[in-house]
Amino acid sequence: GMGDEAVKLFYQMPKESIDHLTYICVLNACSHSGLVDVARSIFNNIQTKTEIIYTTMIDCLSRRAAFEEAQQLIEQFERDHAPAITIYMPLLSGARNQKYSKLSQEVVDRMQKLFPNMKDSLVAASILLANVYASSGDIGKATDIKIELHKSGAKKRIGVTVTDIDGKLWKFRAHDRSHAESAEIHEQVDRMSKRIIEHGHKYDASWIVRPMEPDETIETLLCGHSERLAMAAHFIRNRKPKRIQMTKNLRICGDCHEVTKLVALIYQCEIVIEYTGKLKQGYALGCQGPSRDKFRRNHRFLVDRFDQHVGEQFDLELTAIEHLKRHINMLCSNKIQENHCGPKTRVALSDLIARQPDVLTLGETTNNLDIEWIDAIVDAIHDFEGGVNVVEHKQINQTDGDFDDYRKELLGFLVEATIHNPSAAPTSASSI
């Protein structure tokens, strides 16, 4: 979760000390912190890109749902290298997080075609695909995949979480009641559940990948996950741990990810989970107050900006749809360089909205826009639930009334100007 710090250290390193392991570490830090633009810049400047460097960059893009760019990287890799199954897994995992069943199916189909003999990896991919269908509501399709896996003799790995408590290793499976302290552990799970709900957590049913039994609820199913039992075990008998470390043989689900962060915050402890060979830190939220003059950035919190010059940052050889197609659908055939300032501004605003920021900084926003777009921006700002900073570089004259009154006043001014100078009359609203 300290991607900014990792990037800062990376840029402080002497160039001669940077090798492929350094690149993997900094790209991985960017991946887990949502620093896609930084990762892209670093990746593009790597002279010799190894398979694992490609894989890490694809993981970074897939976590932010930049699937088309991730697929383009796979194609780029395969132009110079033999196909590798490892570079497909992060794409599939990202599709799973977005419940994108169509892409997940395409990825698994390609993996089966390219790597028919890599049974273990294909089983893992098929299970992930089944989970995608289940999370998107297609339980029938998910069940069909699992039945086929069972017929083929494939065995699913059972999720197990291991943790050290007072020098003794404790091992948990989902809904485990094999421990002598199981009653206390499950009571603590219930207490934890109440606390996180008080802090606003809502259990995410999309991470339930099998039909529910009549006596089950979303809460009871998710609270039975092995990592939650392991966490709860650390708090029984009035224990107050400062650090909890756990290892799981499978990835944790998205709901457990959010719950773990909340537990770390509520119980003021650091929680570290290592899973499938990756060290997952970043659950130290609230383990202690920030040191003086220091703060820790929440990498899920996105601040974005707009100013009148933002259109100059585009690759002018692209069309608007080529620039925006990762985020939204847009109909446009002209290259950006062929458009004047107004269309460039509209593309920039659409691009900004697609990134779904929490805070917007808007500078000279209305330059180059017609009345209809200015009107739409006003409505959008009223509806926007995040924060907005508006920066203007000139004096703003106050107008009595609301924006509609201002609009009428402005149109009246334009009509009057047109009477005195007919050749300057706008031919359409978009010309204003």
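These exercises, each with a worked solution, treat a predicted model.

**Exercise 1. The chain as a whole**

State how many helices and strands the chain has, what share of its residues is buried, and what share of its contacts spans 24 or more positions.

Solution.
- Step 1. Count the elements. The chain holds 17 helices and eight strands.
- Step 2. Take burial. Of the 432 residues in the chain, 41% are buried.
- Step 3. Take contact range. Among contacts with a separation of 6 or more, 62% join residues 24 or more positions apart.

**Exercise 2. A salt bridge between two helices**

Find which residue R40 pairs with in a salt bridge, and which elements the pair ties together.

Solution.
- Step 1. Search the whole structure. Twelve salt bridges turn up.
- Step 2. Pick out R40. Its partner is E69, with the closest N and O atoms 2.8 Å apart.
- Step 3. Place both ends. R40 sits in helix α3 (residues 36-44) and E69 in helix α5 (residues 67-80), so the bridge ties together parts that are 29 residues apart in sequence.
- Step 4. Check burial. E69 has 12% relative accessibility, so E69 counts as buried.

**Exercise 3. Buried or partly exposed?**

Classify the two ends of the R228 salt bridge, then the two ends of the R243 salt bridge, as buried or partly exposed.

Solution.
- Step 1. Start with R228. R228 bridges to D255, and the closest N and O atoms are 2.4 Å apart.
- Step 2. Locate the pair. R228 belongs to helix α12 (residues 226-233) and D255 to helix α13 (residues 254-266), so parts 27 residues apart in sequence are tied together.
- Step 3. Apply the cut-off: buried means under 20% relative accessible area. R228 has 3%, so R228 is buried. D255 has 2% relative accessibility and is buried too.
- Step 4. Turn to R243. R243 bridges to E270, with the closest N and O atoms 3.2 Å apart.
- Step 5. Locate this pair. R243 lies in strand β3 (residues 243-248) and E270 in strand β4 (residues 270-275), so the bridge ties together parts 27 residues apart in sequence.
- Step 6. Classify. R243, at 43% relative accessibility, counts as partly exposed. E270, at 22%, also counts as partly exposed.
- Step 7. Look for shared partners. D37, R40 and E69 are joined into one network by salt bridges that share partners.

**Exercise 4. The nonpolar cores**

Identify which residues of the largest nonpolar core touch the most other members, and which helix gives the most to this core.

Solution.
- Step 1. Rank the members. The largest nonpolar core has 50 residues, and L27, L91 and M111 touch the most other members.
- Step 2. Assign by helix. Helix α8 (residues 119-135) gives the most to this core, with nine residues.
- Step 3. List the surroundings of L27. Beyond its neighbours within four places in sequence, L27 contacts A39, I42, F43, I46, I53, T56 and M57.
- Step 4. Look for another core. A second, separate core has 34 residues, including C223, A233, I236 and V263.

**Exercise 5. Two helix pairs**

For α2 with α3, and for α7 with α8, give the packing angle, the axis distance and the handedness of the crossing.

Solution.
- Step 1. Take helix α2 (residues 20-33) and α3. They pack at about 160 degrees, with axes 8 Å apart. The angle makes α2 roughly antiparallel to α3.
- Step 2. Read the hand. The crossing of α2 past α3 is left-handed.
- Step 3. Name the contact residues. Y23, V26, L27 and C30 of α2 meet V38, A39, I42 and F43 of α3.
- Step 4. Take helix α7 (residues 101-114) and α8. The angle is about 165 degrees and the axes are 10 Å apart. This makes α7 roughly antiparallel to α8.
- Step 5. Read the hand. α7 passes α8 in a left-handed crossing.
- Step 6. Name the contact residues. On α7 they are S101, S104, Q105, V108, M111 and Q112; on α8 they are L122, A125, S126, L129, V132 and Y133.

**Exercise 6. Two single residues**

Locate H186 and G140 in their helices.

Solution.
- Step 1. H186 is in helix α10 (residues 182-198). At 15% relative accessibility, H186 is buried.
- Step 2. Beyond its neighbours within four places in sequence, H186 contacts D176, R177 and L229.
- Step 3. G140 is in helix α9 (residues 139-151). With a relative accessible area of 41%, G140 is partly exposed.
- Step 4. From G140 to P211 the C-alpha to C-alpha distance is 9.7 Å, and the two are 71 residues apart in sequence.

Terms used. Residues are numbered from 1 along each chain as its sequence is written. This is a predicted model: local features need pLDDT of at least 70, side-chain atom pairs count only at pLDDT 80 or more; totals for chains, interfaces and linings use all residues. Side-chain values use heavy atoms; hydrogens and water are left out. A salt bridge is a side-chain nitrogen of Lys or Arg within 4 Å of a carboxyl oxygen of Asp or Glu. Helices (H or I, at least four residues) and strands (E, at least two) are DSSP runs, numbered from the N terminus. Buried means under 20% relative accessible area, exposed over 50%, partly exposed in between (1.4 Å probe, protein chains only). A nonpolar core is a set of buried Ala, Val, Leu, Ile, Met, Phe, Trp, Tyr and Cys residues joined through side-chain atoms within 4.5 Å. Contact means heavy atoms within 4.5 Å. Axes are lines fitted to C-alpha atoms, for helices over the stretch in contact, and angles run from 0 to 180 degrees between N-to-C directions. Angles under 35 degrees count as roughly parallel, over 145 as roughly antiparallel, 65 to 115 as roughly perpendicular and the rest as oblique. A crossing is left-handed if the near helix is turned anticlockwise from the far one by less than a right angle, and right-handed if clockwise.
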